[in-house]
Amino acid sequence: MQVGSRRCVLNPQSGTADHADYVGRLMGARGFAVDETESKAHAIELGREAGRDGVSTLAVCGGDGTVNDVLKGVYEVGAVEEITLAVVPTGTANLLAGTIGIRGVDHGIEVADTGTVRGVDLGVAADHPFVVSAIAGLPADASTATSDAL
């Protein structure tokens, strides 16, 4: 049974960039409005919009970066406690999805639609929310300086 509105923020460029049509079609068939990201800033804005609009379930289709960007927007408008965040893993590493037991795209879609809600820890450092991990100092500098092609 659907309660409240459901939305999917889909990063069409994450991972191998071959999932947008497939995921968009399946999420739409399950009653999710689908918004494709255009940039990191746009993903953050889509998270803000979901929070302001009172979305009940927000599925994020992308990698860990997309999840954190959308989460940042939700956090900025104070809606973290009101939104159920689901992960449809299409990134490179998909650390969060693996940590919470999401086995792939189809499983992520199924869990977003009918899965059991459970809590995860949310970290905040310098007013930046994060899940899975945070790095600082030299490792952070090396990570941001590394080419996305790697």
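**Exercise 1.** Does cysteine 61 count as buried or exposed?

Solution. This is a predicted model, and the values below are computed from it.
Step 1. The relative accessibility of cysteine 61 is 0%.
Step 2. Buried means under 20%, so cysteine 61 counts as buried.

**Exercise 2.** Decide how many disulfides the structure holds, using cysteine 8 and cysteine 61 as the test case.

Solution. Step 1. The cysteine sulfur closest to that of cysteine 8 belongs to cysteine 61, at 5.4 Å.
Step 2. Seen from cysteine 61, the closest cysteine sulfur is that of cysteine 8.
Step 3. A disulfide needs sulfur atoms within 2.5 Å, so 5.4 Å is too far for a bond.
Step 4. The count of disulfides in the structure is zero.
Step 5. Cysteine 8, with 0% relative accessibility, also counts as buried.

**Exercise 3.** Describe the strand pairs that S3 forms, and name a bridge partner in each.

Solution. Step 1. S3 covers residues 57-62, and S4 covers residues 84-89. The two strands run parallel and are joined by six bridges.
Step 2. Within this pair, leucine 58 has leucine 85 of S4 as its bridge partner. Glycine 62 stands opposite proline 89 in S4.
Step 3. S3 also pairs with S1, residues 6-10, in the parallel sense, over five bridges.
Step 4. Here cysteine 8 has alanine 59 of S3 as its bridge partner.

**Exercise 4.** State what connects S3 to S4 as a β-α-β unit, and give its handedness.

Solution. Step 1. The helix in the unit is H3, residues 64-76.
Step 2. S3, H3 and S4 together make a right-handed β-α-β unit.

**Exercise 5.** Why is S3 described as largely enclosed by the rest of the structure?

Solution. Step 1. In a regular strand, side chains alternate between the two faces of the sheet.
Step 2. Thr57, Ala59 and Cys61 point one way from S3. Leu58, Val60 and Gly62 point the other way.
Step 3. All of these residues are buried.
Step 4. With six of its six residues buried, S3 is therefore largely enclosed by the rest of the structure.

**Exercise 6.** Which residues touch the most other members of the largest nonpolar core, and which elements contribute to it?

Solution. Step 1. The largest nonpolar core has 18 residues, of which Leu58, Val67, Val70, Val74 and Ile83 touch the most other members.
Step 2. Two or more residues come from each of H2 (40-53), S3, H3 and H4 (95-99).
Step 3. H3 gives the most to this core, with four residues.
Step 4. Another core, of twelve residues, lies apart from this one. Val23, Met27, Phe32 and Val88 are among its members.
Step 5. Back in the largest core, isoleucine 83 can be followed one contact at a time. Leaving out residues up to four places away in sequence, isoleucine 83 touches Ala50, Gly51, Val55, Ser56, Leu58 and Val74.

**Exercise 7.** Compare the settings of two loop residues, threonine 37 and arginine 103.

Solution. Step 1. Threonine 37 sits in the loop between S2 (33-36) and H2, whereas arginine 103 sits in the loop between H4 and H5 (105-114).
Step 2. Threonine 37 has 10% relative accessibility and so counts as buried.
Step 3. Arginine 103 has 69% relative accessibility and so counts as exposed.
Step 4. Threonine 37 touches Val9, Leu10, Asn11, Pro12, His42, Ala43 and Leu46, residues up to four places away in sequence not being counted.
Step 5. Arginine 103 is 36 residues from proline 139 in sequence, and their C-alpha atoms are 28 Å apart in space.

**Exercise 8.** Summarise the whole chain: its elements, its extent and its contacts.

Solution. Step 1. The protein chain has six helices and six strands. Their order from the N terminus is β-α-β-α-β-α-β-α-α-β-β-α.
Step 2. Along the principal axes, the C-alpha atoms fill a box of roughly 50 × 35 × 30 Å.
Step 3. A compact globule with 150 residues would have a radius of gyration near 15 Å, and the 15 Å of the protein chain agrees.
Step 4. Of the 150 residues, 39% are buried.
Step 5. Among contacts with a separation of 6 or more, 72% are between residues 24 or more positions apart.

Methods: Residues are numbered from 1 along each chain as its sequence is written. This is a predicted model: local features need pLDDT of at least 70, side-chain atom pairs count only at pLDDT 80 or more; totals for chains, interfaces and linings use all residues. Side-chain values use heavy atoms; hydrogens and water are left out. Two strands pair if DSSP finds at least two bridges between them. A crossover is right-handed if, with the strands pointing away from the viewer, the path from the first strand over the helix to the second runs clockwise. Buried means under 20% relative accessible area, exposed over 50%, partly exposed in between (1.4 Å probe, protein chains only). A nonpolar core is a set of buried Ala, Val, Leu, Ile, Met, Phe, Trp, Tyr and Cys residues joined through side-chain atoms within 4.5 Å. Contact means heavy atoms within 4.5 Å. The radius of gyration is taken over C-alpha atoms; the globule rule is 2.2 Å times the number of residues to the power 0.38.
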